[in-house]
Amino acid sequence: WLAQDRHGRRHWVELNLTAVPIGRKRYLIATARDIQTRKEVESKADQSEAAIKALLQAFQDSALLLDPEGVVMAANEVAAKRLNHPLKGLIGQNIYDLLPPELARTRKAMADQVVKSGKVIRFEDSRFGTHFYHTVYPIFDHDGRVSQFGVYAMDITEEKKTRTELEQVKARLECLLDHSPSALYSCRHTEGCRMIYFSKNIINLTGFSNEEILSDPFFWFQR
């Protein structure tokens with residue numbers, strides 16, 4: 001409890017009472033110990049924990065704090081929702097027990113690399129049709145060992161879909177250009193008209209190879 005000394009200062013004190021029989025009577029022996037320093041440390045730890053929780057909730061994608069074995073120390077609501085768990089029920093669970101076996105193995109392998117190397121790792125994977133871009137950050141203890149690691153998983157499903165669609169459009173466009181009877185090319189005037197694209201028909205018309213055309217920034221000025 002909070003005790004007050006003669007100078008009006010308040011300190012946290014731990015009181016222990018022990019019953020001791022002496023003769024035919026029982027006496028209570030009280031011992032008091034100043035635990036102000038311990039309380040201050042606990043208060044700072046509580047504040048740090050609250051700050052971590054607030055920070056995790058600020059992320060719009062999954063954010064988790066795990067120990068080296070994969071036990072969830074803290075997480076945000078997005079992560080809990082994606083894992084189909086209430087947030088309170090997620091804390092203390094082993095994250096790998098909540099994933100499909102093969103995915104659990106690959107993610108654990110990545111996390112183990114972070115614990116072993118102490119370096120940040122980034123990788124992509126997918127779960128039930130959703131694509132994720134993961135960043136795993138090591139957190140070190142006072143001895144310089146990785147005691148925890150943070151995981152931020154961004155949903156890149158739409159981005160990946162758009163990228164695939166753009167690649168498909170580019171492939172179709174290149175196919176049309178390559179089969180065009182005309183000689184088509186594109187160059188950068190700011191770089192001496194360096195060629196950045198040309199159709200296959202240019203090779204047939206000029207007799208020069210890809211490497212020869214691309215390596216010479218003045219190709220067209222010399223023809």
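Biologist: What makes strand 6 and strand 7 a pair?

Modeller: Two strands pair if DSSP finds at least two bridges between them. Seven bridges join strand 6 (residues 121-127) to strand 7 (residues 130-140), so the two strands meet the definition. They run antiparallel. One bridge sets F123 against H134 in strand 7.

Biologist: What is this based on, and how are residues numbered?

Modeller: The model is predicted, so local features need pLDDT of at least 70 and side-chain atom pairs count only at pLDDT 80 or more, while totals for chains, interfaces and linings use all residues. Residues are numbered from 1 along each chain as its sequence is written, and side-chain values use heavy atoms, with hydrogens and water left out.

Biologist: How do you know what counts as a strand or a helix?

Modeller: Both are DSSP runs, numbered from the N terminus. Helices are H or I and need at least four residues; strands are E and need at least two. The chain has seven helices and ten strands.

Biologist: Which residue has a positive phi in the hairpin of strand 6 and strand 7?

Modeller: F128, with phi near 55°. Two residues lie between the strands of that hairpin. Strand 7 forms another hairpin with strand 8, with five residues between them. In that turn, G144 has a positive phi of about 85°.

Biologist: What makes strand 7 and strand 8 a pair?

Modeller: Nine bridges connect strand 7 and strand 8 (residues 146-155) in the antiparallel sense. The definition asks for at least two, so the pair qualifies. V136 has V151 in strand 8 as its bridge partner.

Biologist: Why are strand 1 and strand 3 called edge strands?

Modeller: Look at the open sheet of three strands, ordered 1-2-3 with antiparallel pairing. Strand 1 (2-4) and strand 3 (25-34) each have a single partner strand, so one side of each is left without a neighbour in the sheet. The twist averages 50° from one strand to the next. Such angles run from 0 to 180 degrees between N-to-C directions, with axes as lines fitted to C-alpha atoms. Strand 2 (residues 10-22) joins strand 3 through ten antiparallel bridges. One of them links I22 to K25 in strand 3.

Biologist: Why is L28 called exposed?

Modeller: Exposed means over 50% relative accessible area, buried means under 20%, and partly exposed is in between (1.4 Å probe, protein chains only). L28 has 61%, so L28 is exposed. L28 lies in strand 3. L28 also joins L15 and L17 in a nonpolar surface patch of about 300 Å². Patch members have over 30% relative accessible area and no salt bridge; nonpolar side chains are joined within 5 Å, like charges within 9 Å.

Biologist: What makes D125 and R107 a salt bridge?

Modeller: A salt bridge needs a side-chain nitrogen of Lys or Arg within 4 Å of a carboxyl oxygen of Asp or Glu. Here the N to O distance is 2.8 Å, so the pair passes. D125 lies in strand 6 and R107 in helix 4 (residues 101-117), so the bridge ties together parts that are 18 residues apart in sequence. D125 is buried at 14% relative accessible area, and R107 is buried at 15%. The structure holds seven salt bridges.

Biologist: How do you know that D112 and K108 are about one helical turn apart?

Modeller: They are four residues apart in helix 4. Their side chains meet in a salt bridge at 3.1 Å, N to O. D112 is partly exposed at 32%, and K108 is partly exposed at 32%.

Biologist: What makes R145 and D141 a salt bridge?

Modeller: Their closest N and O atoms are 3.7 Å apart. The limit is 4 Å, so the pair counts. R145 is exposed at 53%, whereas D141 is partly exposed at 27%. Salt bridges that share partners join D141, D143 and R145 into one network.

Biologist: Which residues is L87 in contact with, leaving aside neighbours within four places in sequence?

Modeller: Contact means heavy atoms within 4.5 Å. On that basis L87 touches Q57, A75, N76, E77 and A80. L87 lies in helix 3 (residues 87-90). L87 and N76 are eleven residues apart in sequence, with 7.2 Å from C-alpha to C-alpha.

Biologist: How many of the chain's residues are buried, as a percentage?

Modeller: Buried residues make up 26% of the 223.

Conventions:
Areas by Shrake-Rupley, 256 points an atom, 1.4 Å probe, with all protein chains shown as cover.
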